[in-house]
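Student: Please take one part of this model and look at it closely. I would like the metal site of the second chain, and then whatever surrounds it.

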2 protein chains.
Amino acid sequence: MVTTVMVRSAKVHPMSSLGVRSTKQRTAVAAALAELDDFRSTQEIHEYLKDRGDSVGLTTVYRTLQALSAAGDVDVILREDGESVYRVCSTSHHHHLVCRQCGHTVEVEGPAVERWADSVSAANGFTSVSHTLEIFGLCSNCSH
Amino acid sequence: MVTTVMVRSAKVHPMSSLGVRSTKQRTAVAAALAELDDFRSTQEIHEYLKDRGDSVGLTTVYRTLQALSAAGDVDVILREDGESVYRVCSTSHHHHLVCRQCGHTVEVEGPAVERWADSVSAANGFTSVSHTLEIFGLCSNCSH
DNA sequence: TCTGAAATTGACAGTCATTTTCATTTAGCC
DNA sequence: GGCTAAATGAAAATGACTGTCAATTTCAGA
Ligand SMILES: [Mn+2]
Ligand SMILES: [Mn+2]
Ligand SMILES: [Zn+2]
Ligand SMILES: [Zn+2]
């Protein structure tokens, strides 16, 4: 659950006092993410907020979701059609099982996969590695 | 190296004789892919062909690359920005180790990972699953 | 070699997610 | 309350990709 939006020191340098502000829009986006369980696109979250009465400009929803994912507060993955979808996740390293039809998401862990990725990277002389791993399919509900 | 573009039986039914034809455009796209070693976008391949003198319409390059990847003759992955990039790969199922600096790509296989993906999918009742797995890092050349 | 039906091409317009612009509003510090 | 940088959001722009369709090309059969 995410209650605070964007965490960063309010002051970086006495000369220019920069700060991230708490707004009703950011609170609304964070609340929507907390209520929604599955990966959702920016447009879906925007629509959700509109239906809910907490209308937020589409541009602001885009900006807020991007800031949240940059801060590591939400997970973002690319759907198979290339669209970005967001979800509040656990903080530990994990991957996802995502339903192509309804978006239903299950977090999965695979220590063996992590070790494999590290060893194959090392064997090929790669450093500073990171990886993406997502499984798409039809959840039991959507499998008919 | 890809020399033939699109393989399919020329006749599926005597009523409607369907067939995939060999054209200079498809040959040119296949040749470009054979010459290029790393993942490239449709626009990059279109530009490459133009510079090379074998200009092919952008729409045709899009169609040809999509047909090639649908046929399994080339690999396609989504870049971080959601753009599709293509590359000639081996025919067996594999994944990639991609240098985020120079684009250098190494094909890797991980039977254990495949089994893990299948079992975790089945355990959660997912069907029709597919997965994406890419490792990004710095190749030995780019690691300083 | 000739012919014609079906496949292909490509210029152009359309779609749609995402970004940019910028005038207006707002949060937070005094 | 006043001030100012941060934030908002409506509207326009961007850019990857798709749809359309008239013109062109392939190739199987005559
Ligand atoms: Mn992992
Ligand atoms: Mn695999
Ligand atoms: Zn589902
Ligand atoms: Zn490199």
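Tutor: What follows starts at the metal site and works outward. Keep in mind that this is a predicted model.

Start with the manganese ion (ligand 2). Its donors are B:His93 (NE2), B:His95 (NE2), B:Glu114 (OE), B:Glu114 (OE) and B:His131 (NE2). The distances run from 1.8 to 2.4 Å. B:Glu114 is listed twice, each time through OE. Along the chain, the donors of this ion keep the spacing H-x1-H-x18-E-x16-H. The pair B:His93 and B:Glu114 links distant parts of the chain, 21 residues apart. B:His93 sits in the loop between strand E3 (84-87) and strand E4 (95-99) of chain B. B:Glu114 belongs to helix H4 (residues 111-123) of chain B. How accessible are these two? B:His93 has 47% relative accessibility, so it counts as partly exposed. B:Glu114 has 17%, so it counts as buried; the cut-off for buried is under 20%.

Now the site in the other chain. The manganese ion (ligand 1) takes its protein donors from A:His93 (NE2), A:His95 (NE2), A:Glu114 (OE), A:Glu114 (OE) and A:His131 (NE2). They lie 1.9 to 2.4 Å from the ion. The spacing for ligand 1 reads H-x1-H-x18-E-x16-H. A:His93 counts as partly exposed because its relative accessibility is 45%. A:His95 is at 3%, so it counts as buried.

Helix H4 of chain B leads on from the metal to the nonpolar core. The largest nonpolar core has 28 residues. Within this core, A:Trp116 and B:Trp116 touch the most other members. Elements of both chains feed it. From chain A, strand E4 (95-99), strand E5 (105-108), helix H4 (111-123) and strand E6 (127-138) each supply at least two residues. From chain B, E4, strand E5 (105-108), H4 and strand E6 (127-138) each do so too. In general, nonpolar side chains of soluble globular proteins tend to be buried together.

Look at B:Trp116 itself. Leaving out residues up to four places away in sequence, B:Trp116 touches A:Val108, A:Glu109, A:Gly110, A:Val113, A:Leu133 and A:Ile135. B:Ser121 also lies in helix H4 of chain B. With 2% relative accessibility, B:Ser121 counts as buried. Beyond its neighbours within four places in sequence, B:Ser121 contacts A:Leu97, A:Ile135, B:Phe126 and B:Val129. A:Ile135 thus appears in the contacts of B:Trp116 and in those of B:Ser121.

Next, the interface. Here 36 residues of chain B contact 36 residues of chain A. The area buried between the two chains is about 2,900 Å². Carbon and sulfur atoms give 66% of that area. B:Trp116, B:Phe126 and B:Ile135 supply 22% of the area that chain B buries against chain A, more than any other three residues.

Strand E6 has a backbone detail in each chain. A:Ser128 lies in strand E6 of chain A. Its phi is positive, near 50 degrees, although A:Ser128 is a residue other than glycine. A:Ser128 is partly exposed, with a relative accessible area of 48%. B:Ser128 is found in strand E6 of chain B. B:Ser128 is not a glycine, yet has a positive phi of about 50 degrees. B:Ser128 is partly exposed, at 47% relative accessible area.

Further along chain B, take helix H2 (residues 42-52). B:Thr42, B:Ile45, B:His46 and B:Leu49 are buried there. Down the axis of H2(B), its buried residues fall within an arc of 105 degrees, so they line one face of the helix. In general, an α-helix has 3.6 residues a turn, so residues three or four places apart point the same way. The buried residues of H2(B) pack against helix H1 (24-35), strand E1 (40-41), helix H3 (58-70) and E3 of chain B. Just after H2(B), B:Gly53 takes a positive phi of about 100 degrees.

Last, the chain A fold as background. Chain A has 4 helices and 6 strands. Their order along the sequence is α-β-α-α-β-β-β-β-α-β. Chain A has 144 residues, and 39% of them count as buried. Among its contacts between residues at least 6 apart in sequence, 48% join residues at least 24 apart. Chain A exposes about 8,100 Å², with 49% of it supplied by carbon and sulfur atoms.

How values were computed:
Residues numbered from 1 in each chain as written. Chains lettered and ligands numbered in written order. Predicted model: local features only at pLDDT ≥ 70, side-chain atom pairs only at ≥ 80, totals over all residues. Heavy atoms only, no water. Donors = N, O, S within 2.8 Å, 3.2 Å for Na, K, Ca; no water. Buried < 20%, exposed > 50% of the residue type's maximum accessible area, 1.4 Å probe, protein only. Core = buried A, V, L, I, M, F, W, Y, C linked by side-chain atoms within 4.5 Å. Contact = heavy atoms within 4.5 Å. Arc of directions from axis to C-beta. Areas by Shrake-Rupley, 256 points an atom, 1.4 Å probe, with all protein chains shown as cover. Buried area = accessible area lost by both parts, 1.4 Å probe.
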